[in-house]
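Here are some exercises to work through with the model open beside you. Try each task yourself before reading its solution.

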Amino acid sequence: MSSLPRRPLLAALSVAPFLIGRGASAQGELVNVQKQLFTMKEFRLESGTVMPDVRIAYETYGTLAPDGRNGVLLTHGYTSSQHMAGRAGANGAEGSWDGLVGPGKAIDTNRLFVVSSNMLGSSYGSTNPAQVNPKTGKPYGPDFPTITLVDIVNAQKALLDGLGVKHLVAVAGPSFGGYQTFQWGVTYPDFMDGLVPVVSAPKGSGGEASVKALIDVLAKDPNWNGGRYYENGGITRVLTDMRVATLKRYGIEEQLAAQFPDKAAREAEIVKRAESWSKVFDGNSLVVLRRASVNFDAEKDMSKIRAKVLYVISRTDKLFPPSIAPAVMEKLKAAGVTADYFEIDSELGHSASGLDAAKWAPRLKAFMATLPKGA
């Protein structure tokens with residue numbers, strides 16, 4: 001086995017106090033879920049750049065076992081957050097995988113300690129381009145350092161170390177979270193027993209041309225200013241338009257058809273959701289994470305994977321269609337990986353793993369039962 005990549009340089013770790021036990025209702029719901037922050041100094045990126053201060057936002061569900069070996073890491077998508085399950089905030093909004101994670105569910109928090117981590121570079125509390133660069137006193141903006149999937153995973157590993165997690169039962173996540181899941185498998189192959197990459201692939205696509213195309217779209221906003229728009233009122237106009245297109249590509253029209261049968265009302269709801277997102281997510285974060293994704297390649301290191309894999313695709317996903325699955329499974333098995341495939345029979349496209357959770361929860365539960373401490 002090849003030696004593992006050098007761990008990031010860490011100094012002065014700290015973890016925000018966290019609730020060891022999460023309350024649960026009789027219906028198997030997670031309650032009292034709170035966003036927390038893990039902070040570290042002198043975080044070394046794969047490029048050699050050292051970031052002076054880094055924080056990672058996260059949530060936990062369940063209780064860590066005394067031996068620290070009952071952990072599960074949830075990894076989220078490109079533009080979503082660490083709130084993968086449970087209820088939080090005044091509106092009681094559910095996380096995208098609430099149907100899969102909780103007491104008695106496929107990822108059972110009665111037995112497992114689940115950590116859901118916001119990515120480095122994302123907009124939901126982790127260090128990202130909109131935050132102040134301590135060296136300049138101004139937002140990083142386009143000067144935010146280039147990061148990779150390895151950097152994202154290394155930051156998560158530091159978080160898990162800080163929480164006392166010694167071993168993971170599994171890593172699981174959809175879309176960009178699937179990229180992270182595959183990266184975990186090759187970067188820390190002995191740290192987990194199972195991998196569940198969902199509506200995803202082991203290699204990114206698009207190249208630098210995809211990054212340039214994204215920047216060109218963002219630059220159409222009159223406030224863009226080369227990515228230094230924080231004092232100009234932001235770029236919510238173009239972000240809203242982009243989000244509408246993304247939601248439609250993810251299958252939002254099919255999801256809302258029953259609730260909003262009138263096309264105009266449905267369109268208004270989609271715009272409303274897009275505007276809400278555009279006020280939170282940062283355009284430069286989109287660029288940073290897009291660049292990380294197009295350079296992602298776990299395929300070349302598949303032979304390092306030691307964990308069992310459950311690879312899941314949605315029948316109607318347009319981003320990662322079922323047609324890619326045979327080649328992925330062939331490469332996994334050629335690399336000596338124990339891997340199974342499951343296709344979600346859903347009309348909800350790229351969002352099926354959460355919105356149609358019931359259609360694959362039994363398969364996930366069965367997979368978890370094959371892992372040490374997973375049953």
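Buried means under 20% relative accessible area, exposed over 50%, and partly exposed in between (1.4 Å probe, protein chains only). This is a predicted model, in which local features need pLDDT of at least 70 and side-chain atom pairs count only at pLDDT 80 or more, while totals for chains, interfaces and linings use all residues. Residues are numbered from 1 along each chain as its sequence is written, and side-chain values use heavy atoms, with hydrogens and water left out.

**Exercise 1. Place Val 72 and decide whether it is buried or exposed.**

Solution. Start with the secondary structure: helices (H or I, at least four residues) and strands (E, at least two) are DSSP runs, numbered from the N terminus. Val 72 falls in strand E4, residues 71-75. Next, take its relative accessibility, which is 1%, so Val 72 counts as buried.

Now look for its partners, with contact meaning heavy atoms within 4.5 Å. Not counting residues up to four places away in sequence, Val 72 touches Ile 107, Leu 112, Phe 113, Val 114, Val 115, Leu 168, Val 169, Ala 170 and Met 368. Finally, compare with Lys 300: the two residues are 228 apart in sequence, and their C-alpha atoms are 25 Å apart in space.

**Exercise 2. Do the same for Lys 135: is this residue buried or exposed?**

Solution. Lys 135 sits in the loop between strand E10 (132-133) and strand E11 (138-139). Its relative accessibility is 67%, and therefore Lys 135 counts as exposed. As a distance check, the C-alpha atoms of Lys 135 and Thr 39 are separated by 17 Å, with their positions 96 residues apart along the chain.

**Exercise 3. Describe the surroundings of Trp 224.**

Solution. First, the location: Trp 224 belongs to the loop between helix H3 (207-218) and helix H4 (236-249). Second, the accessibility: Trp 224 is buried because its relative accessible area is 11%. Third, the contacts: leaving aside neighbours within four places in sequence, Trp 224 meets Ile 215, Leu 218, Ala 219, Tyr 229, Ile 235 and Asn 284.

Then turn to one of those partners. Leu 218 touches Trp 224, and also Ile 235, Val 238, Leu 239, Met 242, Gly 283, Leu 286 and Val 287, again not counting residues up to four places away in sequence.

**Exercise 4. Which residues have the most contacts inside the largest nonpolar core?**

Solution. A nonpolar core is a set of buried Ala, Val, Leu, Ile, Met, Phe, Trp, Tyr and Cys residues joined through side-chain atoms within 4.5 Å. The largest one here has 72 residues, and Trp 184, Leu 218 and Leu 332 have the most contacts inside it. Helix H1 (residues 149-163) gives the most to this core, with 8 residues. A second, separate core holds 32 residues, including Leu 74, Val 114, Ile 344 and Ala 361. As background, nonpolar side chains tend to be buried together in soluble globular proteins.

**Exercise 5. Find two residues other than glycine with a positive phi.**

Solution. One is Ser 175, with a phi of about 60°. Ser 175 lies in the loop between strand E12 (168-174) and helix H2 (176-187), and at 11% relative accessibility it counts as buried. Another is Asn 225, whose phi is near 55°; Asn 225 is in the loop between H3 and H4.

**Exercise 6. Summarise the whole chain: how many helices and strands does it have?**

Solution. Counting gives 10 helices and 15 strands. The radius of gyration, taken over C-alpha atoms, is tested against the globule rule, 2.2 Å times the number of residues to the power 0.38. The chain has a radius of 20 Å, close to the 21 Å that the rule gives for 375 residues, so it is as compact as a globular protein of that length. Along its principal axes, the C-alpha trace spans about 55 × 55 × 45 Å.

Buried residues make up 55% of the 375 residues. To finish, consider contacts with a separation of 6 or more: residues 24 or more positions apart account for 72% of them.
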